[in-house]
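Good morning, and thank you for making time for this item. I would ask you to keep the sequence and the structure in view while I speak.

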Amino acid sequence: GQFLRIYETIAANSSPSHVKKHGIQCPVLNPESNVMELNRFSLVQQRGVEFDVHPLVQTAIRDGLTPIEREHCLTVLGRLFFSQFGRVAAPTDSRCWNVWWVVYPHMEAFIHHTRQNGDRHALGYLLNHLGLFLKCQGLHKRAVSMLSEAVEVAKSIAGPGHPDTAATLSNLAELLTSIGRPADAKPHLLDAIAIVKSHKTLVP
């Protein structure tokens with residue numbers, strides 16, 4: 001039940017309009033005791049170990065969380081799932097793309113919440129990995145947006161001369177070059193090279 005509450009915090013494709021549309025107010029605070037009742041109305045359907053959750057339930061659970069509970073849910077999700085996902089399923093590995101497509105909408109929703117009041121380090125990490133995945137799928141406009149934001153987040157956290165910033169700059173430059181925008185890629189690539197060189201000179 002607690003996991004369901006955490007999951008619905010970032011469930012994709014849900015909005016308060018579903019509550020208004022159906023004219024129902026149902027703050028489900030204890031999902032584990034209500035799953036069977038919800039299933040009667042096709043609001044929650046169990047398929048083996050998986051659940052299909054109606055957007056109405058997603059909204060009701062999410063709206064029932066206090067700001068502290070919401071922040072806790074985001075922290076748990078970030079640490080237990082999203083921060084590990086990119087390491088287990090590399091965004092550039094074609095063998096993992098089917099899994100990425102399943103996770104993609106939820107990661108987008110998680111990024112949206114994290115932008116507002118989440119961990120900036122986690123935000124930069126997710127933007128970079130999702131940008132690389134979108135690049136591999138040919139969704140270049142979205143990938144450029146993600147990687148550009150990842151660069152700005154890296155600069156704001158680590159600083160413009162940090163190796164982490166260089167890595168995100170390099171990823172963005174490589175993407176821009178691959179889609180025929182070498183002029184746009186050049187300044188990012190030069191900045192990345194300068195950062196790497198500066199750190200090499202510091203090594204004894």
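Let us begin at L130. Setting aside residues up to four places away in sequence, L130 touches W100, Y104, M107, E108, I111 and M146. Please bear in mind that this is a predicted model.

Several of these names return when we turn to the nonpolar core. Which residues have the most contacts inside the largest nonpolar core? They are W100, M107, I111 and L130, in a core of 35 residues. The helices that each supply at least two residues of this core are α5 (67–88), α6 (97–117), α7 (120–136), α8 (140–157), α9 (163–178) and α10 (182–200). As a general remark, nonpolar side chains in soluble globular proteins tend to be buried together.

Now the chain as a whole. It has 10 helices and 2 strands. In sequence order, the pattern reads α-α-α-β-β-α-α-α-α-α-α-α. Of the 204 residues, 40% count as buried. Among contacts with a separation of 6 or more, 62% are between residues 24 or more positions apart. The chain exposes about 11,700 Å², and carbon and sulfur atoms supply 58% of that area.

I should next like to consider α10. This helix has 19 residues and spans 26 Å from its first C-alpha to its last, close to the 27 Å expected at 1.5 Å a residue. Which residues of α10 are buried? They are A185, A192 and I195, and what covers them includes α9.

The helix also contributes to the surface. L189 is found in α10, and together with L190 and I193 it forms a nonpolar surface patch with about 250 Å² of accessible area. Is L189 buried or partly exposed? Its relative accessible area is 41%, and since buried means under 20% and exposed over 50%, L189 is therefore classed as partly exposed.

Finally, let me take one residue of α9, namely P163. Leaving aside neighbours within four places in sequence, P163 is in contact with I195 and H199. P163 and H199 are 36 residues apart along the chain, and their C-alpha atoms are separated by 7.9 Å. The relative accessibility of P163 is 38%, so this residue counts as partly exposed. I195, which P163 contacts, is one of the buried residues of α10.

To close, I return to the starting point: L130 is among the residues with the most contacts inside the largest nonpolar core. Thank you for your attention.

Methods
Residues numbered from 1 in each chain as written. Predicted model: local features only at pLDDT ≥ 70, side-chain atom pairs only at ≥ 80, totals over all residues. Heavy atoms only, no water. Core = buried A, V, L, I, M, F, W, Y, C linked by side-chain atoms within 4.5 Å. Buried < 20%, exposed > 50% of the residue type's maximum accessible area, 1.4 Å probe, protein only. Helix = DSSP H or I, 4+ residues; strand = E, 2+ residues; numbered from the N terminus. Contact = heavy atoms within 4.5 Å. Areas by Shrake-Rupley, 256 points an atom, 1.4 Å probe, with all protein chains shown as cover. Patch = residues over 30% accessible without salt bridge, like charges linked within 9 Å, V, L, I, M, F, W, Y side chains within 5 Å. Salt bridge = Lys/Arg side-chain N within 4 Å of Asp/Glu carboxyl O. Expected span 1.5 Å × (residues − 1).
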